[in-house]
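Student: Could you walk me through one part of this structure closely? I would like to look at the aromatic side chains and the packing around them.

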Amino acid sequence: MNPEKSLPRRSMLLGAAATVGGGLALSACAAQPSDSAAPSTAADASAPAGTPVRVGKLSEVKVGATATGTANGKTVVIFRPADQKVLAYDATCTHAGCPVAPSGQNFECPCHGSAFKGADGSVITGPARSPLAPLTAAIDGDWITVTA
């Protein structure tokens, strides 16, 4: 996967097909949903708030890279710091609300030049003064899930 682009639509559609076929449990590194709750997909716009949504394939985000996706209609940015760990943030810049974009291991705002660390969402350069809002991210088999 090219870290400068969003997760492919094909991944989101494959996620929808996989979810229809049966529920998958989240990995042990995140809170477990109830047995009856399965992660939904970005294609499922009606997923209730607090439901994990598949935003793309884990294999499409290399360790140390960033990506962007959609969870419950909200644009999210992803950072993969380790083989079995992913982090997610709301992609809304805390300065003026523009969407930030992947840039190597960080995220940059094209509107006013703010930059944020992928590792913790903190501000590298302003004018933003507040970090990106963290979201719950997990690895679910071959998928990255985000709760937004």
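Tutor: Happy to! Let's start with Y89, which has a relative accessible area of 4% and is therefore buried, as the cut-off is under 20%. Please keep in mind that this is a predicted model. F107 counts as buried too, with 0% relative accessibility. These two residues form an edge-to-face aromatic pair, with 6.0 Å from centre to centre and 65° between the planes. A search of the whole structure finds one aromatic pair, and this one links distant parts of the chain: Y89 belongs to strand β5 and F107 to strand β7 (residues 106–108), 18 residues apart.

From F107 we can step to I78, since F107 is among the residues that I78 contacts beyond four places in sequence, along with V55, V86, I144 and V146. I78 and those four valine and isoleucine partners, together with V76, have the most contacts inside the largest nonpolar core, a group of 16 residues. Strands β2, β3, β4, β5, β10 and β11 each supply at least two residues of this core, and β10 gives the most, with three. A second, separate core has 13 residues, including F79, L87, C109 and A128.

Another ring worth a look is that of W143: the charged end of K57 sits over it, 5.1 Å from its centre.

How far can you trust all this? In the protein chain, confidence is highest in β5, at 97, and lowest in helix α1 (residues 9–21), at a mean of 37. Over residues 7–46 the pLDDT is below 50. Where pLDDT is low, the predicted coordinates should not be read in detail.

Definitions and conventions:
Residues are numbered from 1 along each chain as its sequence is written. This is a predicted model: local features need pLDDT of at least 70, side-chain atom pairs count only at pLDDT 80 or more; totals for chains, interfaces and linings use all residues. Side-chain values use heavy atoms; hydrogens and water are left out. A nonpolar core is a set of buried Ala, Val, Leu, Ile, Met, Phe, Trp, Tyr and Cys residues joined through side-chain atoms within 4.5 Å. Buried means under 20% relative accessible area, exposed over 50%, partly exposed in between (1.4 Å probe, protein chains only). Helices (H or I, at least four residues) and strands (E, at least two) are DSSP runs, numbered from the N terminus. Contact means heavy atoms within 4.5 Å. pLDDT is the predictor's confidence in each residue, from 0 to 100. Rings of Phe, Tyr and Trp (its six-membered ring) pair if their centres lie within 6.5 Å; planes under 30 degrees apart count as stacked, over 60 as edge-to-face and the rest as tilted. A charge sits over a ring if NZ of Lys or CZ of Arg is within 6 Å of the ring centre and within 35 degrees of the ring normal.
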